[in-house]
Amino acid sequence: WDNKWINTSAQIFIGPEYKGNPDKVTVLTPKAGTIGQMGLGDPNDSDNRPWTFIVNESSFQIPIVLPTCDTVMLSNGGNDVDLGDYYVSDIKNNHIRDIPFAIQVSNCTSVATFTTKLTATNVTGASSDLLGNTLTSAAEGAGVKIVYDGTTQLIPNSAASAYALTDSAIPGSKEIGFIAQLVSNGSTVKPGSFKATGVFTLSYD
């Protein structure tokens with residue numbers, strides 16, 4: 001057995017308890033301890049005492065890819081959500097329409113949780129929680145409310161407001177659904193054109 005090599009291999013897999021990589025770990029290391037013993041010949045012979053194989057965290061490292069997705073877009077293939085046409089009375093009387101839309105992410109790797117936040121430069125409402133009209137000499141008294149999970153509002157420019165969607169299947173692609181609503185901002189409603197802009201930022205774990 002002089003000058004002989006023994007090759008070993010390790011298999012890495014994702015189990016059902018995997019919940020993402022929130023700490024952004026970039027390498028896997030072994031758990032320190034004994035992994036086995038090996039002997040040649042009669043194990044009862046004093047000359048054939050087994051060799052003990054021990055590893056520590058610096059014995060080897062396996063690089064891993066951080067959770068990410070390559071492509072993010074609206075599911076309709078564009079960048080705009082059409083809210084439709086409204087009467088002034090619709091806004092005054094809180095005749096709210098739900099306008100569903102979705103963000104499509106694809107080419108994802110090792111992602112278990114998709115977290116979305118919303119930012120905007122133009123906001124409105126008593127609590128600055130609505131997307132405001134970016135047009136001048138246009139409609140007044142309304143703003144856009146973004147909702148997820150049916151009733152929960154995604155508030156722009158709020159560090160505490162985020163939509164975290166978990167999928168233990170570790171999908172390669174995912175649709176993240178939202179609802180847009182044109183609602184009163186508490187001010188006098190005036191007719192005209194309306195356009196609101198928001199930026200959805202996604203992070204992956």
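**Strands, a core and two unusual loop residues**

In this predicted model, G36 stands opposite F53, a residue of β3. That pair is a handy place to start. Strand β2 covers residues 33-38, and strand β3 covers residues 51-55. The two run antiparallel, and five bridges join them. How many of the six residues of β2 are buried? The number is zero, so β2 lies largely in the open.

Stepping back to the whole chain, there are 14 strands and one helix. The C-alpha trace spans about 95 × 30 × 25 Å along its principal axes. The radius of gyration tells a similar story: the chain has 28 Å, while a compact globule of 205 residues would have a value near 17 Å. Buried residues make up 30% of the 205 residues. Contacts can also be sorted by how far apart the partners sit in sequence. Taking those between residues at least 6 apart, 77% join residues at least 24 apart.

Next comes a small sheet. Which strands make it up, and in what order? It is an open sheet of three strands, ordered β12-β7-β14, and the pairing is antiparallel. Strands β12 and β14 are the edge strands, each pairing on one side only. From one strand to the next, the twist averages 20°. Between β7 and β14, which run antiparallel, there are six bridges. One residue to look for here is F114, whose bridge partner in β14 is Y204.

Strand β7 itself runs over residues 113-119, and T113 belongs to it. Is T113 buried or exposed? Its relative accessibility is 11%, and because anything under 20% counts as buried, T113 is classed as buried. The side chain of T113 also makes a polar contact with the side chain of T166, at 3.2 Å.

Now for the largest nonpolar core, which has 28 residues. Which of them touch the most other members? They are V105, F114, I146, I176 and F178. Several elements give two or more residues to this core: β5 (68-74), β6 (99-109), β7, β10 (142-148), β12 (163-166), β13 (174-184) and β14 (199-204). The strand that gives the most is β6, with five residues.

F114 is worth a second look, as it turns up both in the bridge with Y204 and among the core residues that touch the most other members. Leaving aside residues up to four places away in sequence, F114 touches C69, V105 and C108, along with Y163, A164 and L165. The list of its contacts also includes P171, K174 and I176, and it ends with S203 and Y204.

Finally, two asparagines in loops catch the eye for their backbone angles. Most residues other than glycine have a negative phi. N94, however, has a positive phi, near 55°, and is not a glycine. Its place is in the loop between α1 (88-92) and β6. N157 is not a glycine either, yet its phi is positive, at about 60°. Where does N157 lie? It is in the loop between β11 (152-153) and β12. With a relative accessible area of 45%, N157 counts as partly exposed, because that class covers values between the 20% limit for buried and the 50% limit for exposed.

Definitions and conventions:
Residues numbered from 1 in each chain as written. Predicted model: local features only at pLDDT ≥ 70, side-chain atom pairs only at ≥ 80, totals over all residues. Heavy atoms only, no water. Helix = DSSP H or I, 4+ residues; strand = E, 2+ residues; numbered from the N terminus. Buried < 20%, exposed > 50% of the residue type's maximum accessible area, 1.4 Å probe, protein only. Polar contact = N/O pair within 3.5 Å; in protein donor to acceptor, adjacent residues only side chain to side chain. Core = buried A, V, L, I, M, F, W, Y, C linked by side-chain atoms within 4.5 Å. Contact = heavy atoms within 4.5 Å. Pairing = 2+ DSSP bridges. Axes fitted to C-alpha atoms, helices over the stretch in contact; angles between N-to-C directions. Rg over C-alpha atoms; globule rule 2.2 N^0.38 Å.
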